[in-house]
Amino acid sequence: MVPSPSNPQQVQQFLSSVLSQRGPSSVPYDESTKWLIRQHLLNLISAYPSLEPKTASFTHNDGRSVNLLQADGTIPMPFHGVTYNIPVIIWLLESYPRHPPCVYVNPTADMIIKRPHAHVTPSGLVSLPYLQNWVFPSSNLVDLVSDLSAAFALDPPLYSRRRPPQQTSPTPPSYDSSLTRPPPADQSLSRPFPPSPYGGGGGRVQVQHVHHQQQSDDAAEVYKKNAINKMVEMVHGDLVSMRRAREAEAEELLSLQAGLKRREEELNRGLKEMVEEKETLEQQLQVISMNTDILDSWVRENQGKTKNLVDLDVDDAFECVDTLSKQMLECSASDLAIEDAIYSLDKSFQEGVVPFDQYLRTVRLLSREQFFHRATASKVRAAQMEAQVAAIAGRLHS
């Protein structure tokens, strides 16, 4: 008999209340995962109404006791055309859902655990590949229970306990739900085991499995099962090793990818700087080409004037071709002449020939005049540059 399903609204209110509690009695789950835990349990109860969420005290192997959530009830197990109900308890440990839950088979007073079993220890602890290969956040409780049901259908973990022949009372013995199960036989895998919630009334679930099937297993069948279990363990070990190797390779590839990304950024930055430097050099090359053309023109025009150097007048050494050139020559000559005059005044003042006040008045007048000559030369130079560019552009278009 399957227990009646809980009211979904009551389950939601219960989970919301438990997961929102604060203080010493609150459940020790991470705040960022409480919503996901609530959703996992709601999906589980929706798919398997025979399971019920509860809170209970869980004692670790080191003696620590914590208040944890659990899914307590039965899961269906089809076997030889009949559906049986296997009582289980699914504990959500503190690290859930990043790590798998802890699953126990919870036999009632008239049930015994099959020994040996491929997935259930004598203490009732369940070990499945789904639990061992738990992946956050894709793994969930619904798929876990489905995997449990399929695994138990292939190899039932529980048998009905033989009843003494002298027992003739039709009324089943009562079972106190406050009693705890005996200590597990396997101390290396000992886990705290909660009390059985299935009392002696109509709510207790029994697995109607024929006990003599275990006795009918011959040596060949046992050897076959052991060989299959061994092969499964070997394959699982190989898969774990391969997964670790692939994860290490993936880490190396990610590190290499990050290094290549940094090098790509450095190359792009260097290429951008080279392009900018190339543009600057091209501009300088254009200026040098213009100056070279000007000097070549001047040399060609003045090649015949070098014959009579003895009678050459220094004022006639340079012949200005236009007004701008003549103005530039005059401004440059005046600028340099004033520079020489100021230099001579400096030496005269240092030697004490020129008084200080006369030195200051003369330098101030010469500096003002030199400023005007330099400003005029700067404007003339700009006008000459525009004329040269226009002339070169005209020659290129022609």
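**View 1. Where helix H6 meets helix H8 in this predicted model.** On the H6 side, the residues in contact are Met 290, Asp 293 and Ile 294. Their partners in H8 are Met 385, Gln 388, Val 389, Ile 392 and Arg 395. Sorted by class, this contact brings together 5 nonpolar, 1 polar and 2 charged residues. A pair of packed helices is described by the angle between their axes and the distance between those axes. Here H6 (residues 219-301) and H8 (residues 356-397) pack at about 90 degrees, and their axes are 11 Å apart. Angles of 65 to 115 degrees count as roughly perpendicular, so that is how H6 and H8 lie to each other.

**View 2. Helix H4 and its surroundings.** Take a look along H4, which spans residues 141-154. From first C-alpha to last, the 14 residues of H4 reach 20 Å, close to the 20 Å expected at 1.5 Å a residue. Which residues of H4 are buried? They are Leu 141, Leu 144, Val 145, Leu 148, Ser 149, Ala 151, Phe 152 and Ala 153. Their cover includes two helices, H2 (34-47) and H3 (129-132), along with strands E1 (51-59), E2 (65-79), E3 (82-92) and E4 (102-105). At the N-terminal end of H4, Asn 140 acts as a cap, with a side-chain oxygen 3.1 Å from the backbone nitrogen of Val 142.

**View 3. Two cis peptide bonds, each leading into a proline.** Most peptide bonds are trans, which makes exceptions worth a close-up. One cis bond joins Arg 115 to Pro 116, with omega about -10 degrees. Pro 116 sits in the loop between strand E5 (111-113) and H3. The other cis bond runs from Phe 136 to Pro 137, and its omega is near 5 degrees. Pro 137 belongs to the loop that lies between H3 and H4.

**View 4. His 80, a residue with positive phi.** Most residues other than glycine have a negative phi. For His 80, phi is near 55 degrees. You will find His 80 in the loop between E2 and E3. Is His 80 buried or exposed? With a relative accessible area of 68%, His 80 is exposed.

**View 5. Thr 121 and its polar contact with Ser 123.** Back in the loop between E5 and H3, we come to Thr 121. The cut-off for buried is under 20% relative accessible area, so Thr 121 counts as buried at 15%. The side chains of Thr 121 and Ser 123 are joined by a polar contact of 2.9 Å.

Note on methods. Residues numbered from 1 in each chain as written. Predicted model: local features only at pLDDT ≥ 70, side-chain atom pairs only at ≥ 80, totals over all residues. Heavy atoms only, no water. Helix = DSSP H or I, 4+ residues; strand = E, 2+ residues; numbered from the N terminus. Expected span 1.5 Å × (residues − 1). Buried < 20%, exposed > 50% of the residue type's maximum accessible area, 1.4 Å probe, protein only. Contact = heavy atoms within 4.5 Å. Polar contact = N/O pair within 3.5 Å; in protein donor to acceptor, adjacent residues only side chain to side chain. Axes fitted to C-alpha atoms, helices over the stretch in contact; angles between N-to-C directions. Parallel < 35°, antiparallel > 145°, perpendicular 65-115°, else oblique. Nonpolar A, V, L, I, M, F, W, Y, C, P; charged D, E, K, R; others polar.
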